[in-house]
Structures are given as structure tokens and as C-alpha cells.
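Good morning, colleagues. Please look with me at the structure on the screen while I describe how its parts meet.

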Amino acid sequence: MSGAAGLELEQRLSEMRRRLHEQPEIAHEEYVTTATIRGWLLEAGIRIADYPLPTGVIAEVGGKRGGPIVAVRADIDALPIQEATGLPFASKRPGYMHACGHDFHTAAVLGAALLLKERESELAGTVRFLFQPAEEKASGAKLVIESGALEDVSAIFGLHNKPDLPVGTVGVKAGPIMAAADGFAVEVMGRGSHAASPEAGRDPIVSAAHIVTALQSIVSRDVSSLDSAVVSVTRFHAGTAWNVIPERAAFDGTIRTFDESVRARVLEKFERVVQGIAEAYGTPAAVKRIPGPPPVHNDADWAERVGRTAERLGLTVVEPRPSPAGEDFAFYLKRVPGAFFFLGTSGPHEWHHPAFDADERALPIAAKLLAAVAVDAIAGLAGEGAGR
Ligand code: NI
């Protein structure tokens, strides 16, 4: 697309993104967002597919001539963060913000749908657009899968904006590109006493403090130098007064890994460290695991094909450093092969920062790339069907 049409697309996508940005809604509450997306799809004559979702939308382009189905996914939810960008289109809802750029992703996927709608009759298959809710709670992808929207899909693609990559750059690689994001909550049960007579009780604070310290040795002593993991304790609560040893101490946090075997090893070691130290101090501990999404693991073949498509569009393709953040796109890739990739947005701040922003020059790039990836995937799948 060039000239006037290109400018028109850029303006349209920017308008959409700004409108979404002004009305952020958090996971499972994306009702206005859902209605807005539906409105734009219907206005463009794009078919809305009938899958049962409380929030989120599934739409389709193509399919008149049969052929394979490929999915392109956007996440639509925002975060409970007070925006501090000062932008003219900043959030109108105090305490809520699109601080991960899901407004950008939604506009980009809408753009891909608009571009493909223009050439619908040429499509040798169907492109299914998944406007997925609740990515930030890692529960939306599961809802989409349960709705049945993935059942007949042969390949799936999605992107995340990347503030530290410049506009015009695509980061894609085979294997892990984002981490498994598991959570934990630990409660250490002691016996309260006067602070002056600790021997009369069982101090849960000293026990829990030792546990937190010992957990730091998991990464250094149980994970190979060639693998990686993160164990972060992010909250620690105990006690009510300076002269009282409390009954209990509680802490929670997260574990990030890029490989299923490392993940299993770290989780197992975590449990043993907590229980072993709690036992030594005579303060029983209860570990609650909060399983998160697995690592986002790209299919090597599809990752390479996305890279080739991006190069054909004149974009710079780099092998990105995997992100230790989690992404529930991982659940799709457990079922259907595909690739998840990063798109450079020259942002001033990282994801989830109150002054996060994405450079809108990357919007039409994202839309064209997603459309081209879908078309190339259909061509590849149709060719395989015919050739083998
Ligand atoms: Ni995100």
C-alpha cells in the first residue's frame, strides 16, 4: 500500500489505537473494548464468528474457497496502573492504563483484518482473528481454546510490541521467546510469644527469612550456567507490633524459566528448600503454587518463515533476547504450531511502566506484517497439502 491509501491506513489505525487507549479495561472486564472492536469489524463488513466468550471477539476473513485456517491473535486487556504519559489521548479511567500496548496490538490486528478484507476473494484459506481477553491474568487464551476457536486452526501467529527495538525491526527466533511465569505463596506457621522470650514460642520471621535467603541459591546451584531462571520474592508480611513474635509469616513471588525441564527442576527444588528449612526451625510451611503459562516456544519452521516474510517487506530481522515476562500465547503454541514475535516500537519505557508508550509509526508496519504472515502461511499450508 502506498501514497494516499497508506496514509489513510496509518491515520485509521492511529485513531483506533487512541480510542482504545482512552478506555482501558482490565482482564475479564473488557466490555466496552469488545463492543468497540465488534463495531469496527461490522462497519468493515468483516464476519464475526460465533464462539462463546463473555469478552473478546473472534472474526474471520476468507474461506470462500475452503483451504487451511490460520489464526492471528491480539490481546485486548489493560492494567490497573495510573497513567503518567501526559498524552492527549491518555486514559480517561483513573487507575487504569494500556501500559503493555495491547491497544496497539488490537489496532494492528484490526489493520491486518482490514487489509485482508480488501483482497478477500484472493485468499486461498481463512484467517481467523482472535481478539483475546485477559492476557494479563493469563486466563484469556484458555477461554478462547475452550470456546473451540482453535480446533480447526493449522497455524497461529501473534506479536508483542518491543520498546527496546527500533521501529522497522522484527525480533523472531526458534524455541523459547518468553518465559514460563509461575507464582507462589508461602505461609510459615510459628507460635507467638513475647518478643523478650522467643524460647517460649517459635519465631516464623527468622524461619521465613532463612527460607527467602536459601531460595536465592536455587538459580546459582541448581540451574546450569547455560540455562536461566529467576526466583523473586516480592512480598513479605509478618507481625503487628515491635514487642510481639507473631504466629505466622507469609511471602509470595514468582519463578521464571524458559525450558520445561528447568521449570520442573526449579519448582521441585523450591518446595524442598521451603519444607526443609521450615522443618529445621519447627515452623511448618504451606506452599501454594500458582501455575502460570508455560514458556512461549516457537516452532522453528514457522519462526523462520515469519523472518522471511518480514525481510520481504523490507524490515530488519534480528534474533531477540528472550523476555523473562510471561505470555499466555504459550497455551496456543502447546496446541497449534506457530510463532510469536516482537515488533520494534521505539518506546520510552518498558512494559507496565506508567509512562509506557509505543511509536505509532510501527502500527501500519504491524498490520501489513501480520496480513503478509497470514497470507504466506496459507500459501505454505496449501502448497504442502498439494505437494505431499
Ligand atoms: Ni503484554
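Between domain 1 and domain 2, about 620 Å² is buried, and carbon and sulfur atoms account for 64% of it. I should state at once that this is a predicted model.

Where do the two domains run along the chain? Domain 1 is made of two segments, 3-178 and 295-387, while domain 2 covers 180-290. Their C-alpha centres are 38 Å apart. In the contact between them, 9 residues come from domain 1 and 7 residues from domain 2.

Let us turn to the polar side of this interface. General chemistry tells us that side chains of opposite charge can pair when their charged atoms come close. How many salt bridges are counted between domain 1 and domain 2? The count is 1. K334 and E260 form a salt bridge through their side chains, with 2.8 Å from N to O. Polar contact across the interface is found for 2 residue pairs. As for the side of domain 1 that touches domain 2, its residues comprise 6 nonpolar, 2 polar and 1 charged.

I now move from the interface to the model's salt bridges in general. The count comes to 28 salt bridges. One of them joins the side chains of E360 and R18, at 3.0 Å from N to O. This pair links distant parts of the chain, 342 residues apart. E360 sits in the loop between β16 (338-344) and α9 (362-387), whereas R18 belongs to helix α1, residues 3-22.

Finally, the aromatic rings. The count here is 7 aromatic pairs. Among them is the pair of F236 and F251, which is stacked, with 6.1 Å from centre to centre and 10° between the planes. Why does this pair tie together separate parts of the sequence? F236 lies in strand β10 (residues 229-238) and F251 in strand β12 (residues 248-257), so the pair connects parts that are 15 residues apart in sequence.

Thank you for your attention.

Definitions and conventions:
Residues numbered from 1 in each chain as written. Predicted model: local features only at pLDDT ≥ 70, side-chain atom pairs only at ≥ 80, totals over all residues. Heavy atoms only, no water. Domains from an automatic or database assignment. Contact = heavy atoms within 4.5 Å. Buried area = accessible area lost by both parts, 1.4 Å probe. Salt bridge = Lys/Arg side-chain N within 4 Å of Asp/Glu carboxyl O. Polar contact = N/O pair within 3.5 Å; in protein donor to acceptor, adjacent residues only side chain to side chain. Nonpolar A, V, L, I, M, F, W, Y, C, P; charged D, E, K, R; others polar. Phe/Tyr/Trp six-rings, centres within 6.5 Å; stacked < 30°, edge-to-face > 60°. Helix = DSSP H or I, 4+ residues; strand = E, 2+ residues; numbered from the N terminus.
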